[in-house]
Amino acid sequence: MPPVISRPSKGKWHPDSMKQAVENVLTGQLSIRKAAEIYNIPKNTLIDRVSAIKGGKEITFTPALGRFKPTFIAEFEGVLLNHVKDLSDRLLPLTRKEFLNLAFQLAEALKIPHHFNCDKKTSGKQFYFDFMKRHPNLSLQTPESTSLNRSIGFNKPQVNRFFESLTNLMEKYEFTPYKIYNCDETSVTTVQKHFKVISLKQNCQVGKLTSAERERSVTVLFCMNAGGQYIPPFFIFPQQRMNERLLIGAPKESIGEAQSNVDQTESPTVKPTLPFPDITSAPKASLLHETSPNRPTPTDRPNDTTVVKETIQQLSPIPDASKKREVS
């Protein structure tokens, strides 16, 4: 029975082994056959690498199976990757179609041989799948609408300025957690999206009952303080008159107001009737902090209205139009 010869598997060799084998062959220390046996590398693969180096060509020591190679080298693909990340950070992310068109334009501008569709001037879906596989930190997501004002106002200098003003106010008045409130509003639609349902194949259109076919939004304001106390939600209904039946099922002590023809770009004008909790309901630890000797006495402190006005002016100063500019 002839001896069994173990042959190396295709593409299973290590790049360092290939590099050492090529160096030993070029220096004349080992023959191609002997180097292939020692480093467990296919002989034909080693012959191709040595012949390419002798011919003055560039080679790679990593395994490369098949005759198809990536369109872009690692350097150009890195540039494309950085451009995609930069657009995403600027709130201008690319869609899948825009990304494929960009890849085609890049290959054409750099005059790189490619197999893209020249008629549609776009790269193929296989390039997209391979690109996403090589960069697992990327994913196809649904973006959230962000206004231009928010994107401009939310930046590092503005955030630093906000926290500097907040630090100055905290050091001056030493607010307790039960005096620091955070409010946020959200829009709740009256027409919810439906999940997929089971129906007959012969039905071209499947319907499901809902409150209305056209979507209407109800604005809800939530507020709580840093001590964990919640204020009942405040509802703003898009209609002429308020009906108490609209608050059926709402949390206890919830408040509702009717506001018709509310412009989405303007804040609705409603009565400020939010029931703020009493400060005396705070735990003893916070009450002890209220009477700390390091804090100013109640007679030295300004009233709540003055504190709120000064806080708002320092955190988000608004120029006073009533004051006339002094002319020197």
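Is the crossing of H1 and H3 left-handed or right-handed? The close-ups below take up this question and then move along the chain of this predicted model.

**Close-up 1. Helices H1 and H3 cross each other.**
Here we meet helix H1, covering residues 15-26, and helix H3, covering residues 43-54. Their axes come within 10 Å and cross at roughly 60°. H1 and H3 are therefore oblique to each other. To settle the opening question, their crossing is right-handed.

**Close-up 2. The side of H1 that meets H3, residue by residue.**
On the H1 side, the contact is made by Met18, Ala21, Val22, Val25 and Leu26. H3 brings Thr45, Leu46, Arg49, Val50, Ile53 and Lys54 to the contact. Sorted by class, the residues of this contact of H1 with H3 are eight nonpolar, one polar and two charged.

**Close-up 3. The stretch that UniProt lists as a domain.**
Residues 15-49 are listed by UniProt, in an unreviewed entry, as "domain: HTH psq-type". If you look for the two ends of this span, you will find their C-alpha atoms 12 Å apart. The span is 74% helix and 0% strand.

**Close-up 4. Helices H4 and H6 cross as well.**
Next come helix H4, made of residues 74-89, and helix H6, made of residues 125-134. The two axes come within 12 Å and cross at roughly 85°. That angle makes H4 roughly perpendicular to H6. Glu77, Leu80 and Leu81 of H4 make the contact with Phe127, Phe131 and Arg134 of H6. By class, this contact of H4 with H6 has four nonpolar, no polar and two charged residues.

**Close-up 5. Strands E1 and E2 pair in the antiparallel sense.**
Now we turn to strands. E1 spans residues 181-189 and E2 spans residues 217-225. Nine bridges join this antiparallel pair. To find your way along the pairing, start at Tyr181, whose bridge partner in E2 is Asn225. As a viewing hint, in a regular strand the side chains alternate between the two faces of the sheet.

**Close-up 6. E2 also pairs with strand E3.**
Strand E3 holds residues 230-237, and its pairing with E2 is antiparallel too, over five bridges. A handy landmark is Thr219, which stands opposite Ile236 in E3. The hairpin of E2 and E3 has four residues between the strands. In this hairpin, Gly228 takes a positive phi near 100°.

Methods: Residues numbered from 1 in each chain as written. Predicted model: local features only at pLDDT ≥ 70, side-chain atom pairs only at ≥ 80, totals over all residues. Heavy atoms only, no water. Axes fitted to C-alpha atoms, helices over the stretch in contact; angles between N-to-C directions. Parallel < 35°, antiparallel > 145°, perpendicular 65-115°, else oblique. Left-handed = near helix turned anticlockwise from the far one by under 90°. Contact = heavy atoms within 4.5 Å. Nonpolar A, V, L, I, M, F, W, Y, C, P; charged D, E, K, R; others polar. UniProt positions renumbered as here; feature names shortened; annotations may be inferred. Pairing = 2+ DSSP bridges.
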